[in-house]
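Reader: I should like to take a close look at one part of this protein. Could you please describe how two of its domains meet?

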Amino acid sequence: MEKIKIAIQKKGRLSEKSLALLAECGIRFENGIGSLSVQASNFPIEILLLRDDDIPEYVQSGVADLGIVGQNVVLEKTDNVKEIKLLGFGKCRFSLAVGKKFQYNSLKDLEGKQIATSYPKILSNYLKLNDIDAKIHIISGSVEIAPSIGLADAICDIVSTGSTLLMNGLKEVETILHSQAVLIANKNLNEDKKSILAKLLFRLEAVQKAKNTKYILLNVPNNKISEISKILPGMKSPTIMPLQNEGWSSLHSVIEENDFWEVIEKLQAAGAQGILVMPIEKMII
Ligand code: ATP
Ligand code: ZN
């Protein structure tokens, strides 16, 4: 039977979460993670473990059918793969930073300056778009030290907390883009592979929905059931079960992580008690 090949980062910031996501989709791996490729025992998928920089090209050429990689790397390496699904981890921004003493007011201040980066394509597109002429120095690692050793006036790099910039005496001045891990696919998958991808996506969506949702149980006085039910958006309508305690019921429903605290406050104000909130493992609607 046909298999689908998915490329993920071998060792780095995205590795663990990529593997965990596949595991949450119920995929079990046969051989150890030390090797270059790993077979799944219960799903037609093979995992290729690669450097993240290589993943977009492997997917574009069809050596891999799918890949999990940062949007920043996809943008830098190719515009010829399909972005299938944002995965919600590996969040970072791609920013311009200058030395603390650099008097920065606007992008215009970078005119004629030297900028170090590992992402020349994204940076040059951005500079072109903003009509700035600067010299790009391509460096493959530790870009943040470039200004202190006199190699560049500014850098353009991935930032998540900003602490690396601070440690190197830099200040962030412009955000060029926001990035997170994304599932990408080759543009010419055959029908068999498309149907395996559809199965994988179905599972991924169930996992993602579950992550954004909580199961909630609460005790409510019977005369407040309809008022409290209205506060709970739920999937359809809440489950209501009588408590042994006369005049009270237990109400079960689901709520979204986003408006979690707001909903809890409203429930309490409306007379709910004994509120329990639990994680949901998978959610199929
Ligand atoms: P490889 O050895 O595979 O080339 P790498 O060193 O290039 O690894 P990592 O540092 O592991 O890459 O980062 C992988 C991806 O994680 C980045 O491309 C980016 O999308 C994302 N990421 C999230 N937060 C950060 C961060 N603080 N610094 C760097 N990358 C981050
Ligand atoms: Zn890399």
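Author: The following account concerns the contact between two domains and two residues in loops.

This is a predicted model, in which local features need pLDDT of at least 70 and side-chain atom pairs count only at pLDDT 80 or more, while totals for chains, interfaces and linings use all residues. Residues are numbered from 1 along each chain as its sequence is written, and side-chain values use heavy atoms, with hydrogens and water left out.

The domain assignment gives domain 1 (4-89 + 181-210), domain 2 (92-179) and domain 3 (213-279); such bounds come from an automatic or database assignment. Between domain 1 and domain 2, the C-alpha centres are 30 Å apart. Their contact (heavy atoms within 4.5 Å) involves 9 residues from domain 1 and 8 residues from domain 2.

The size of an interface is often given as the accessible area lost when the parts come together. Here domain 1 and domain 2 bury about 720 Å², of which 49% is on carbon and sulfur atoms; buried area is the accessible area (1.4 Å probe) lost by two parts on being put together, summed over both. On the side of domain 1, Asn-72, Leu-75 and Glu-76 supply 75% of the area buried against domain 2, more than any other three residues.

Between domain 1 and domain 2 there are 6 residue pairs in polar contact, both residues being at pLDDT 80 or more. A polar contact is a pair of N or O atoms within 3.5 Å; within protein, one must be able to donate a hydrogen and the other to accept it, and residues adjacent in sequence count only if both atoms are side-chain atoms. Helix H3 (residues 71-77) contributes 6 residues, the largest share of the side of domain 1 that touches domain 2. Helices (H or I, at least four residues) and strands (E, at least two) are DSSP runs, numbered from the N terminus.

Thr-78 lies in the loop between H3 and strand E5 (82-86). Thr-78 is buried, with a relative accessible area of 6%, where buried means under 20%, exposed over 50% and partly exposed in between (1.4 Å probe, protein chains only). The side chain of Thr-78 reaches the backbone nitrogen of Asn-80 at 2.8 Å. Not counting residues up to four places away in sequence, Thr-78 touches Pro-56, Gln-60 and Lys-121.

Asp-131, by contrast, is exposed, with a relative accessible area of 61%. Asp-131 is placed in the loop between helix H4 (120-129) and strand E8 (135-138). Leaving aside neighbours within four places in sequence, Asp-131 is in contact with Lys-108 and Glu-111.

How values were computed. Chains are lettered from A and ligands numbered from 1 in the order in which they are written.
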